[in-house]
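Q: Please take a close look at one part of this predicted model, namely the way its helices pack, and set out in a connected account what can be read there.

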Amino acid sequence: YDWTIIVSFAWVGLVLGFVSLQAMQEAVRRKFGGALGWLFVAAMLALGAVGVFFGRFWRWNSWDVLVQPFGMAGKAAKRLHQMPFPEAVAFGVTFFLLSTIVYATLYVIMHSRPVPAHPQPAGARPLL
């Protein structure tokens, strides 16, 4: 494998996912307010962590839930009963925290305004 290509595709997918999440957060914020916008982000990142867990450790695909939703729920209940609970929770929480930190960092960068190099006093005229 050419790992640079794989990492590039993964990075582009991650960034596009965060940009899409930010667009949805903005839509929720406009309709319901800022607090619910951030709650929406937290819920989506938590669901994403659960999805990554299912895909990474149980080798499930996203369409499995659409094809056989009740069968997947039964399989999940059986597997969760058999698996070591602390490891599952540790992975989910770690992935959620990592994705939250990355998203918040990108959010701050996208919403920051540049500081002028030479701030003008109030009422001063520009030199040029």
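A: In this predicted model, the axes of helix 1 and helix 5, the latter spanning residues 85-111, come within 11 Å and cross at roughly 70 degrees. Since angles of 65 to 115 degrees count as roughly perpendicular, helix 1 is to be described as roughly perpendicular to helix 5, and the crossing of helix 1 and helix 5 is right-handed. On the side of helix 1 the contact is made by Phe18, Leu21, Gln22 and Gln25, and on the side of helix 5 by Ser99, Val102, Tyr103, Leu106, Tyr107, Met110 and His111. Sorted by character, the residues of the contact of helix 1 with helix 5 comprise 7 nonpolar and 4 polar ones, with no charged residue among them.

Helix 5 also packs against helix 2 (residues 34-57), at an angle of about 135 degrees and with the two axes 9 Å apart. Helix 2 and helix 5 are therefore oblique to each other, and helix 2 passes helix 5 in a crossing that is right-handed. Helix 2 brings Trp38, Val41, Ala42, Leu45, Ala46, Ala49, Val52, Phe53 and Phe57 to this contact, while helix 5 brings Ala88, Phe91, Gly92, Phe95, Phe96, Ser99, Thr100, Tyr103 and Tyr107. The residues of the contact of helix 2 with helix 5 divide into 15 nonpolar and 3 polar, and again no charged residue takes part.

One residue of helix 5 deserves separate attention, namely Tyr103, which is listed in the contact with helix 1 and also in the contact with helix 2. Tyr103 has a relative accessible area of 2%, and because buried means under 20%, Tyr103 counts as buried. Leaving aside residues up to four places away in sequence, Tyr103 touches Phe18, Leu21, Gln22, Gln25, Trp38, Val41 and Leu45. Of these, Phe18, Leu21, Gln22 and Gln25 belong to the contact surface of helix 1, whereas Trp38, Val41 and Leu45 belong to that of helix 2. Tyr103 and Gly17 are 86 residues apart in sequence, yet their C-alpha atoms are 9.8 Å apart in space.

Helix 1 also carries charged side chains that pair with one another, and the structure holds 2 salt bridges. In one of them the side chains of Glu26 and Arg29 meet, with an N to O distance of 2.4 Å; these residues are 3 residues apart in helix 1 (residues 3-32), so that about one helical turn separates Glu26 from Arg29. In the other, the side chain of Glu26 meets that of Arg30 at 3.6 Å, N to O, and here the partners, both in helix 1, are 4 residues apart, about one turn of the helix. Glu26, Arg29 and Arg30 are thus linked in a network of salt bridges. As for solvent accessibility, Glu26 counts as partly exposed at 22% relative accessibility, and Arg29 likewise counts as partly exposed at 36%, whereas Arg30, with a relative accessible area of 60%, is exposed.

Notes
Residues numbered from 1 in each chain as written. Predicted model: local features only at pLDDT ≥ 70, side-chain atom pairs only at ≥ 80, totals over all residues. Heavy atoms only, no water. Salt bridge = Lys/Arg side-chain N within 4 Å of Asp/Glu carboxyl O. Helix = DSSP H or I, 4+ residues; strand = E, 2+ residues; numbered from the N terminus. Buried < 20%, exposed > 50% of the residue type's maximum accessible area, 1.4 Å probe, protein only. Axes fitted to C-alpha atoms, helices over the stretch in contact; angles between N-to-C directions. Parallel < 35°, antiparallel > 145°, perpendicular 65-115°, else oblique. Left-handed = near helix turned anticlockwise from the far one by under 90°. Contact = heavy atoms within 4.5 Å. Nonpolar A, V, L, I, M, F, W, Y, C, P; charged D, E, K, R; others polar.
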